[in-house]
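Take a guided walk through this model. Keep the coordinates open as you read.

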Amino acid sequence: MQAAALKQAVIDHLHYSIGHPPVAMTLHDYYYALALAVRDRMQHRWLNTIQTNFDLKRKIVCYLSAEFLMGPHLGNNLLNLGIEQEARTALAELGQDLDSVLECEEEPGLGNGGLGRLAACYLDSLATLQRPAVGFGIRYEFGIFDQEIHDGWQTEITDKWLRYGNPWEIAKPEVACYVNWGGHTEHYRDEAGSDRVRWVPYRVVKGTAFDTPIQGYGVNNCNTLRLWSAEAVESFDFQAFNTGDYYQAVEDKVVSETVTKVLYPNDEPQIGKHLRLGQQYFFVSCSLQNLLHILELADVPVENFAERYAVQLNDTHPSIGVAELMRLLVDERRLGWDKAWAITVQTFGYTNHTLLPEALETWPLPMFQTLLPRHLEIIYEINRRFLDEVRARFPRDEARVARMSLIGEAGEKCIRMAHLAAVGSHAINGVAALHSDLLKASVLKDFYEMWPERFSNKTNGVTPRRFLALANPGLRALLNETLGGQWPVEVGWLHELEAKAGDAAFRSKWRAIKEANKKRLADYIRAHTDIELDPTWLFDIQVKRIHEYKRQHLNVLHIVTLYRRLKENPGLKIPPRAFIFGGKAAPGYFMAKRIIKLINAVAETINADPDVNTRMKVAFVPNFNVQNAQLIYPAADLSEQISTAGKEASGTGNMKFMLNGALTIGTLDGANVEIREEVGAENFFLFGLTAEEVERIKRERYHPTDYIASNPELRAVLELINSGYFSRGDAEVFRSVVDNLTFSDPFLVLADYAAYIACQEQVNVAWQDKEKWTRMSILNTACSGKFSSDRAIREYCDEIWNVQPVTVK
Ligand code: F58
């Protein structure tokens, strides 16, 4: 019945919404028509959710994030609506194959990596757990670049994701906000005789809302992702009132639209660009204005703002919201400072995602003042009152005052956004137990001493719907059969698999599923790289942004070590392995781009060498994104989580691998610590220095050359890379990589090398016992329940947001 109705809806959309004659019909048209038909099926739930939330006046989560890395919507919506089979049938009757149609979707890559994808997982869980929530962000016209590999090097191609339209969004031109830029402030006395400030901007940009439905799994709740797009206030007639300069008017349009043009592709170090601050302020101001407007519609006094909204700052990128809410409340709603400040602190929560000092956001004061003169005044006032409090709590400790100030004075003066976020939020959290502890001991130590009650840990989670049910249909079927159909929302049930780990018949089914997934990935890799991988080999995978702290080069050192051993000792008995990499490098990150080249160079040499290529191969999957991630995680035997301890805040890829039954080789970093706790030390390949040891070694001065001197194999590996052996004799290309490791090695790759190699030998031993490995694989899935984003969202709702479920009819 559903299938017949869906088929008719697709036919109608092909005819009325797309309007191509049969002769011009493409596969993409079928995708678009099905997407529209599916959106229609959410529409009723969507409107009911909004109306119910409005009527019940319940508290709403507002998740402010500069990035939402949603991935393709269609498959996920079919899954969450429970109509996948119907869609398959409907399309089949139209002569089309659902899987091919799903591949047509251009994914919205509006994020760099973990942080943006976490926001997407959290939206899925919020809807599934029936919590009223809106995700607020930026509708970038160009998302994260597409990566192509040419001669081993990364090249970046603009991501024109909106090229063929976006069936999931609905433009809301009537939901428009006006955002000021630049200019100056004026102090005046109002009718009542109070001192007030007015901001006279240099430019005004208009923000328009584009809404996307976020359907919960198996429930009627359908929340909203609201992304803001910038445009000029009045495109052309503006000039009529001005100088009559037509070009000036057009330029204004261009400048305004630039604000939401492109996602900055940097994943860690901060760039300090004017436009980036502009993007942040733009979407935050639109969102907060929107919240105030809705409050007004509901006839709720502005004093009740914090009872109605829990606003979460996804890292410091939206933290200008602290000053903006103060401006809106004090300047525009004319609340007193103290009242406004109490509301602000009660409203905001702040999640920190990094301890890397170079990644902590600061803005040069002159730039900040040019763009946001009123906010600078407000920040000065927040700071003045805050530092008074610090002095009262810690008398005669001016060093502490300087450390905690919202204004950094060492070198060029700057605004410290993490401090602004911390001062303006009632709750501050890290994203894994270790990271939250380190946060309290390092970057935010002074703030912890001041307000210990504000700090907590919220270990990250990932959605088991997309990353298991959708990505791994084979395993989904087995879990349904074994546990019943509720496991995607009751992941605790996965523990029942522990009993099954001892059942040989079950293990053999488990292996068959893994092997089918590996074949699926091998097909994909062959199609995209021409590299042929054997699905019976151990699939050893590292996919994530390319960064020195994530140490993809440590993985390469292991590969080259093995290669040398095989060349020197052709009879060496090692189980065959496929080393698979994927990930983008920030376009301006020199070392990361060299690491990609190094991986590809080593791959080219090894894959072409008949002495070794029956026992090892290397592949770099181009353009790692959510879509191909869904093929990659389910195919992994071994998950590489080898960052320098203390550097990876949490990691979430580690959880996606675990969910799909991969074993982890990893350091005691981020959420690896908790993964190991859950699955048991005997089912986790641990190696390397601890965060404490890393800090101690760095304090006592680290000499990478000592490790080279005492390890002839390591020395030979580095020499081989340096010699040009992998680069057709070019001894220059990798000099910078090898020199960096030899003379600086900021992430202690060489210090962990020997332990890593030894640990990989343990992996080989374990892999050779198929039954034991399968048991360990099953246990990984069985113990992965903690890492569901549902658990994380429940904790946020209970402990930070105080937001309850709402049933939608
Ligand atoms: C990541 N951060 C952390 N930042 O590195 C990772 O450990 C953690 O699991 C994840 O957040 C989720 O908590 C991250 O992805 C970015 O991509 C930012 C984008 C904007 C510029 C600064 C980095």
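Which residue of strand 16 does Pro364 stand opposite? The partner is Cys414. Bear in mind that this is a predicted model.

Stay with the strands for a moment. Strand 14 and strand 16, the latter spanning residues 414–416, run antiparallel to each other and pair over three bridges. They belong to an open sheet of three strands, ordered 14-16-15 and paired in the antiparallel sense. Its edges are strand 14 (362–364) and strand 15 (407–408), each of which pairs on one side only.

Now turn to the packing. The largest nonpolar core has 114 residues. Those with the most contacts inside this core are Trp228, Phe282, Phe368, Phe386, Phe447 and Trp801. Helix 9 (residues 274–297) supplies the largest share, ten residues. Another core lies apart from this one and has 67 residues. Leu562, Tyr589, Ile642 and Val694 are among them.

Go back to Trp801. Leaving aside residues up to four places away in sequence, Trp801 touches Lys59, Val61, Tyr63, Leu126, Ala310, Gln312, Ile793 and Tyr796. Trp801 also joins Tyr63, Tyr122 and Tyr796 in one aromatic cluster.

Next, the ring pairs. The structure holds 21 aromatic pairs. One of them joins Tyr563 and Tyr725. Their centres are 6.0 Å apart, with 55° between the planes, and the pair is tilted. Where do the two rings sit in the chain? Tyr563 lies in helix 23 (residues 552–568), and Tyr725 lies in the loop between helix 30 (712–722) and helix 31 (735–743). The pair therefore ties together parts that are 162 residues apart in sequence.

Are these two tyrosines buried or partly exposed? Tyr563 is buried, at a relative accessible area of 1%. Tyr725 is partly exposed, at 37%. Tyr725 has a second ring partner, Phe726. That pair is edge-to-face, with 5.1 Å centre to centre and 80° between the planes. Phe726 counts as buried, since its relative accessibility is 2% and the cut-off for buried is under 20%.

Finally, look at charges over rings. The charged end of Arg454 sits over the ring of Trp451, 3.6 Å from the ring centre. Lys518 places its charged end over the ring of Phe539, at 5.0 Å from the centre.

Key: Residues numbered from 1 in each chain as written. Predicted model: local features only at pLDDT ≥ 70, side-chain atom pairs only at ≥ 80, totals over all residues. Heavy atoms only, no water. Core = buried A, V, L, I, M, F, W, Y, C linked by side-chain atoms within 4.5 Å. Buried < 20%, exposed > 50% of the residue type's maximum accessible area, 1.4 Å probe, protein only. Helix = DSSP H or I, 4+ residues; strand = E, 2+ residues; numbered from the N terminus. Contact = heavy atoms within 4.5 Å. Pairing = 2+ DSSP bridges. Phe/Tyr/Trp six-rings, centres within 6.5 Å; stacked < 30°, edge-to-face > 60°. Lys NZ or Arg CZ within 6 Å of the ring centre and 35° of its normal.
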